[in-house]
Structures are given as structure tokens and as C-alpha cells.
Amino acid sequence: MEKKLHTFLHSGLIEKYVLGSTTAKESLEVEHYISTYPEVEAEYMKLQDNLEIMAKANAVEAPKFILDAVFEDIKEVPVITLPSTKHKTPWYSIAASIAALVFAGSALLLFVHNKALVRENQVVVDEIFDLRNDIKKNNDRLDEVMRQFMKLNNPETEKYVLRGNERAKDLKTVAYINAVDKTSMIDIVELPQLPENQNYQIWAELQDRMVNLGILDPSNKKLQSIPYMENALGLSITIEQKDSHNNAATAENEVAEISLKNN
């Protein structure tokens, strides 16, 4: 219990409560501790006294616009004539009124200043949160790159370079196949631009059929995974119509091919 109380006293919640910057949930927690633990109540009263001392020490003349507003309100109040008396207003009453106005102005300025500090602190918190998110995203990207790097440098990974034929002389892709881990990746080095109604597709050649492994995007130059096919004899790339539903690669559409080692 002492550890819990010590943690609360050093959490800064009491200071935020005194300044009026706690959430509803935090306020309930602080009020519970104040009513339950004498040490917390003593700390709360001490902070209240310090706040009052600070307000008095930093007392400044009320801003002119506040006094003007007060005077305008006074002018709008109907004047009631009272029987004249010869009693003179005591000097200490006048002094107390002036002190009250000065204190009110000081309290208002302190309140506005504290609100501004709370907003600035929130901005800093948001920036730290965004920075943490960026760091996490960068770490995730780094982990993914490291995993791919380890796959590429695995002794079991075979590298196959597919180069284009006469129909796509500049085409070059590199396939990485690991028969032990049963993983396949492809690196698009260069794919010549195609008309809008055509795309590149990659196929795996099996003993009795061709299996479509997906569409290759020329704009995606990142190393990307493709389905691993057991006992594949080769890989080929074709140019197909986007609206076609071909179930097998054809020789007239083929622009690159390579045979695979027996797995």
C-alpha cells in the first residue's frame, strides 16, 4: 500500500488537479485519495496554499478591457436614489474592493496561462506519440527487410534470372526459390510499359499443366512473395489481356521463361 501511495504522490496528478487540468476519471481518483489518505490531503492543502502564494506574488493590475467591461455593466444598471447619509465609506472597504479586482484579474491571467500550457503539453504529447508510431513503422520495415535478406542469403535459396525475348527485350526479373522453406520471391528489375488493356502474368510449369502465380506490376520494384509450387519445372512470364481468363500460358504470349532445378 505504501508503494502505491508513493507512486500516486509522485505521479503529478495532484498538481494537475489543483490546476484544473485533470480528466473526469483522474479527478475522481485524486478525490478518492484525498478523502482516504491523510498524507494526500496534506499534500493537496500544501499545493493549494502554494498556488495562492504564487497568485499573490504574481499579482498584476487587471487588464483594461476587464475594468472597462465592469464599468460598462455598472452604467447599464438602473440607478436607485437613496437617502443621503453622512456616513463615509471606510478606507479599508475601498482597499478590499480594489484588492479583490486585482486578485480577480491575476487569477484570470493565471488561468489563461495554465490553459495555454496544457494545450502546449498536449501538442508535445501528440508529437511524441506520432514519433513513436514512425519509429515502430520503421522498425517493422527493417525487420521485414532483414527477413528477406536472410532468405536471399540462405544457402538453400536458388536464384533464377528471367530475361525478355524479342517481344520484351528490356524485361528482367529475378526469382528466388527455396525448396526447403517452400518459399518463392520475385524481384522486378525492369518490365517494359504495356498498353492499358494488357498486363504481365507469371506462371509455374508443372508436369501436366500451367499454374498462374499472379500479375506482375511494373511500378512495384520491391521484392515480393509469390506462391511456391512443389515440383515446378520452370517459370514463364506472359503478356495477357486484362479481361481475358486464360488458364494456361501460350507460346505466342510468352516473353520470358526459365527452367528450374529438380527439387
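Biologist: How much of the accessible surface of the chain belongs to carbon and sulfur atoms?
Modeller: Keep in mind that this is a predicted model. The accessible surface of the chain comes to about 19,000 Å². Of that, the part belonging to carbon and sulfur atoms is 57%.

Biologist: And what share of the residues counts as buried?
Modeller: To count as buried, a residue needs under 20% relative accessible area. The chain has 263 residues, and the share that counts as buried is 25%.

Biologist: How do the elements of the chain run from the N terminus on?
Modeller: There are 6 helices and 8 strands to place. The helices come ahead of the strands, so to speak, in the order α-α-α-α-α-α-β-β-β-β-β-β-β-β.

Biologist: Which residues form the nonpolar patch on the surface, and is Phe111 buried or partly exposed?
Modeller: The patch has about 270 Å² of accessible area together, and its members are Leu108, Phe111 and Val112. Phe111 sits in helix 6. Its relative accessibility is 47%, so Phe111 counts as partly exposed.

Biologist: Where does Asp134 lie, and which surface patch does Asp134 help form?
Modeller: Asp134 belongs to helix 6, which covers residues 91-152. With a relative accessible area of 40%, Asp134 is partly exposed; patch members need over 30%, so Asp134 passes that cut-off. Together with Asp126, Glu127 and Asp130, Asp134 makes up a patch that is negative.

Biologist: What share of the contacts with a separation of 6 or more comes from residues 24 or more positions apart?
Modeller: Contacts here are those in the chain with a separation of 6 or more. Residues 24 or more positions apart account for 59%.

Definitions and conventions
Residues numbered from 1 in each chain as written. Predicted model: local features only at pLDDT ≥ 70, side-chain atom pairs only at ≥ 80, totals over all residues. Heavy atoms only, no water. Patch = residues over 30% accessible without salt bridge, like charges linked within 9 Å, V, L, I, M, F, W, Y side chains within 5 Å. Areas by Shrake-Rupley, 256 points an atom, 1.4 Å probe, with all protein chains shown as cover. Salt bridge = Lys/Arg side-chain N within 4 Å of Asp/Glu carboxyl O. Lys, Arg positive; Asp, Glu negative; His and termini not counted. Charge placed at Lys NZ, Arg CZ, Asp CG, Glu CD. Helix = DSSP H or I, 4+ residues; strand = E, 2+ residues; numbered from the N terminus. Buried < 20%, exposed > 50% of the residue type's maximum accessible area, 1.4 Å probe, protein only. Contact = heavy atoms within 4.5 Å.
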